[in-house]
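Biologist: Please take a close look at one part of this model, the charged side chains and how they pair. Tell me where the partners sit in the chain and how much of each is open to solvent.

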Amino acid sequence: MAEIPDLQSSLTVTGLGVKEHSQIVAQHNRLRSRVKPMAANMEKMEWNEKLAIHAKERAALCPTEPSLQPSSSFSHLGWNTHLSVHGVISFSDIIDSWFEEGNDFLYLSGRCRENATCQHYTQLVWATSSQVGCASQQCLRNGDLCETFVCAYYPGGNWEVNGRLVTPYKSGLSCSLCTSSMSGCFRLWDHVGGLCEIPKNPCRMSCGQHGHLNISSCKCKCDVGFTGRFCQVRCSVQCVHGHFREEECSCLCDVGYGGAECAEKVQFPFHSCDVMIDGTCFMVSSEADTYYGAKSHCQELGGILAQIHSQKVQDILAFYMSQLETSNEVANADFETRNFWIGLTYKPPKDLFRWDTGEIPNFSSFAFGQPDNQGFGNCVELQALSAFNWNDQRCKTRNRYICQHAARHIAQWEDGR
């Protein structure tokens, strides 16, 4: 949208008070909602002080009518002007008189009846004119004290193509042709139709008292200490030997500590590793759990869900998983798949995948056509049907999982600390 021209930003007096501003906007919106035929794309109007300044500038010239060919400085503005003897008519009556010109406007042909004036009406009901600013000015004309009332509109209206006026609005069920940026429908208590508006809360959701809504993503940003989709869950985790992961309301433990709050010192024998790759130990679970259950179990063991940062690690783990596949049985009766969780999840607020440590992957091995977000799959598994390449899956799915222990953990095991 082009910026409204700023002619004299230092001029602030409009000749009308705040109360009159509200009355002018309300009257415009009431009349715009009552056009016949009904408008499908009529936008709600708002007061604009910069437009009021422009209107004051023009009113000071005491014009009888706006120029049909506005200067380049005003090329995106529209105008309605009325000149009368001072004290004879109110601004409310003037606006009503502009609307009454609609009785002479023939919508189907887009023309005004012969010898009639309709340009005030067509500007007042120009669907895409969403901002208005007005001013009144006393002036002398032929020795008489007169009053000029001017309204400026942005974007302007009354444009012509090949000598024919562009239709001021599209007919149809009210609000049925609102643009995506104006997806709300404003209705007055005594409305006939509705006006397109930018909804104050297009997401139609609330983040409660413990967060604020990001309208562009329709996601809640929770205050510290709260989590959940609507910031409704109080997060009281205290990370004794670790640091707090705000996004997941969980702890990432320091070396040698585990448990939900990193308060438990862990010790494990070296031979617990199923696969050693470049000094890192990978342990495959014998039980199945949800993603977050698996993550918790790995943490209790002093590790994390496995992270795969290279093709070498991917190839070795995929081979090992394939060797296990023939005996991939667990005690859980509700074991749903033959797949394995790794420590990668999708973060909707940031629109990307991250490892549980917060790192953004610089290597990936998603299977063909993945990730596809089928069933809101925000957690990542090694998928047996895809040669143990990656697939995004529902976090509530029960998989076996792979825990990872770094070399610094193993050194502590060997020392027996």
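Modeller: Lys44 has a relative accessibility of 13%, so it counts as buried, the cut-off being under 20%. This is a predicted model. The side chain of Lys44 forms a salt bridge with that of Glu197, at 3.4 Å from N to O. The two partners come from distant parts of the chain, 153 residues apart. Lys44 is in the loop between α1 (18-32) and β1 (46-47), while Glu197 belongs to strand β10 (residues 195-197). Glu197 is buried too, because its relative accessible area is 17%, and the limit for buried is under 20%.

Further salt bridges can be followed in the model, for the count comes to five. One of them joins the side chains of Asp104 and Arg113, with 3.7 Å between N and O. Asp104 has a relative accessible area of 29% and is therefore partly exposed. Arg113, with 43%, is also classed as partly exposed.

Another salt bridge pairs the side chains of Asp278 and Lys312, with an N to O distance of 2.8 Å. Asp278 lies in the loop between β19 (275-277) and β20 (280-284), and Lys312 in helix α6 (residues 311-324), so this pair ties together parts that are 34 residues apart in sequence. Asp278 counts as exposed because its relative accessibility is 61%, and the class begins at over 50%. Its partner Lys312 is partly exposed, with a relative accessible area of 43%. Returning to the buried pair, salt bridges with shared partners bring Lys44, Glu46 and Glu197 into one network.

To set beside the charged pairs, there is also a nonpolar patch on the surface. Met38, Leu173 and Val192 make up this patch, which covers about 280 Å². Of these residues, Leu173 is found in the loop between β8 (164-165) and β9 (184-186). The relative accessibility of Leu173 is 61%, which means that this residue counts as exposed.

In short, the salt bridge between Lys44 and Glu197 has a buried lysine and a buried glutamate. In the salt bridge between Asp278 and Lys312, the aspartate is exposed and the lysine is partly exposed. For the salt bridge between Asp104 and Arg113, the aspartate is partly exposed, and so is the arginine.

Note on methods. Residues are numbered from 1 along each chain as its sequence is written. This is a predicted model: local features need pLDDT of at least 70, side-chain atom pairs count only at pLDDT 80 or more; totals for chains, interfaces and linings use all residues. Side-chain values use heavy atoms; hydrogens and water are left out. Patches are made of residues with over 30% relative accessible area and no salt bridge: like charges are joined within 9 Å, nonpolar side chains (Val, Leu, Ile, Met, Phe, Trp, Tyr) within 5 Å. Accessible areas come from the Shrake-Rupley method with a 1.4 Å probe; for residues, only the protein chains shown count as cover. A salt bridge is a side-chain nitrogen of Lys or Arg within 4 Å of a carboxyl oxygen of Asp or Glu. Helices (H or I, at least four residues) and strands (E, at least two) are DSSP runs, numbered from the N terminus. Buried means under 20% relative accessible area, exposed over 50%, partly exposed in between (1.4 Å probe, protein chains only).
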